[in-house]
Amino acid sequence: FPEWTEAKNWAVVNSLAVVAQRRKRVYMVCIRNDLAKDLFAEKGPYTVPDFKITQKFTLEQIISRDDEMTDTDKFERFGISEKLWASHQRRDQEHARKKNGFKANLMTDLSEPSPTLVARYYKDGKDCLIPSTEDGAPPRMLTPRECALLQTFPKEFWIPDTKTPAYKQFGNAITVEIAREISRSLVKYLYA
């Protein structure tokens, strides 16, 4: 390979740098060969920006930004059933006996970031459950708007009315703010 292909055009980036979600993803930037060779000779290799975690974002901040409905409405619409909650708890006990590390993520501390959103979240929400303030009541799933905010989509972003496509969309998405910063750095590299 020619030397100009040795650019640092990829990085593993944790979304914790910009939002309250533990989400590590590989980001790759590719530049057409006929452009890359000239740019490399002139400016050196393109390097994906460094995303340092400089502040702590919390799930509580995300939940408070979703003001489209009250907390009561969120639990009514996105609360899981008692049967599903009992099933999660039973499976958690089985996994604890097996010591395999699997468990439902009941977010008992909302001052922490959320775990990674996944496309299968719509099935049972076990990856990130918000506890009820009522004793013994089952938790709720994140709302689709909260999922959008965890992926740094703008607050006015249109979300489908049905839950399944909305959850799949945000579970499969990349963190918008990370992509925006990488795009800005690429534009600067190409045109500055």
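**Figure 1. Surroundings of Trp85 in helix H4 of the predicted model.** Trp85 is buried, because its relative accessible area is 14%, which falls under the 20% limit for that class. The residue belongs to helix H4, which covers residues 82-98. When residues up to four places away in sequence are left aside, Trp85 touches Ile80, Leu106, Leu129, Pro138 and Pro139. Phe170 stands 85 residues from Trp85 along the chain, and the C-alpha atoms of these two residues are separated by 23 Å.

**Figure 2. Lys74 and its contacts in helix H3.** Lys74 has its place in helix H3, made of residues 71-78, and with a relative accessible area of 1% this lysine is buried. Not counting residues up to four places away in sequence, the residues touched by Lys74 are Ile63, Asp66, Met69, Gly79, Arg140, Thr143 and Glu146. With Glu146, Lys74 also shares a polar contact of 3.1 Å that joins the two side chains.

**Figure 3. The salt-bridge network of Asp66, Lys74, Arg140 and Glu146.** These four residues, Asp66, Lys74, Arg140 and Glu146, are linked to one another in a network of salt bridges. Within this group, the side chains of Arg140 and Glu146 meet in a salt bridge with an N to O distance of 2.9 Å. Arg140 counts as buried at 1% relative accessibility, and Glu146 is likewise buried, with a relative accessible area of 0%. Lys74, whose relative accessible area is 1%, is buried as well. Side chains of opposite charge can pair when their charged atoms come close.

**Figure 4. The salt bridge between Asp124 and Arg91.** The side chains of Asp124 and Arg91 meet in a salt bridge, at 3.9 Å from N to O. Asp124 lies in helix H5 (residues 121-124) whereas Arg91 lies in helix H4, so the pair ties together parts that are 33 residues apart in sequence. The distance of 3.9 Å counts as a salt bridge because the limit for such a pair is within 4 Å. The two partners fall in separate accessibility classes: Asp124 is buried, with a relative accessible area of 10%, while Arg91 is partly exposed, with a relative accessible area of 26%.

**Figure 5. The salt bridge between Glu177 and Arg180 in helix H8.** The side chains of Glu177 and Arg180 meet in a salt bridge whose N to O distance is 2.9 Å. Both residues belong to helix H8 (residues 176-191), and because they are 3 residues apart there, about one helical turn separates them. Glu177 is partly exposed, with a relative accessible area of 22%, and Arg180 is partly exposed too, with a relative accessible area of 35%. By the rule applied here, the count of salt bridges comes to 14.

**Figure 6. A nonpolar patch on the surface, made by residues including Val12.** Trp10, Val12, Val26 and Met28 make a nonpolar surface patch of about 460 Å². The elements that give two or more residues to this patch are strand S1 (10-14) and strand S2 (24-28). Val12 lies in strand S1 and counts as exposed, because its relative accessibility of 52% is over the 50% limit for that class.

**Figure 7. The whole protein chain, as context for the close-up views.** The secondary structure of the protein chain comes to 8 helices and 4 strands, and from the N terminus on these elements run β-β-α-α-α-α-α-β-β-α-α-α. The radius of gyration is 20 Å, well over the 16 Å that the globule rule gives for 192 residues, so the chain is more spread out than a compact globule. Along its principal axes the C-alpha trace spans about 65 × 40 × 30 Å. Among contacts with a separation of 6 or more, 65% join residues that are 24 or more positions apart. Buried residues make up 39% of the 192 residues, and the protein chain exposes about 11700 Å², of which carbon and sulfur atoms supply 52%.

Key. Residues are numbered from 1 along each chain as its sequence is written. This is a predicted model: local features need pLDDT of at least 70, side-chain atom pairs count only at pLDDT 80 or more; totals for chains, interfaces and linings use all residues. Side-chain values use heavy atoms; hydrogens and water are left out. Patches are made of residues with over 30% relative accessible area and no salt bridge: like charges are joined within 9 Å, nonpolar side chains (Val, Leu, Ile, Met, Phe, Trp, Tyr) within 5 Å. Accessible areas come from the Shrake-Rupley method with a 1.4 Å probe; for residues, only the protein chains shown count as cover. Buried means under 20% relative accessible area, exposed over 50%, partly exposed in between (1.4 Å probe, protein chains only). Contact means heavy atoms within 4.5 Å. A polar contact is a pair of N or O atoms within 3.5 Å; within protein, one must be able to donate a hydrogen and the other to accept it, and residues adjacent in sequence count only if both atoms are side-chain atoms. The radius of gyration is taken over C-alpha atoms; the globule rule is 2.2 Å times the number of residues to the power 0.38.
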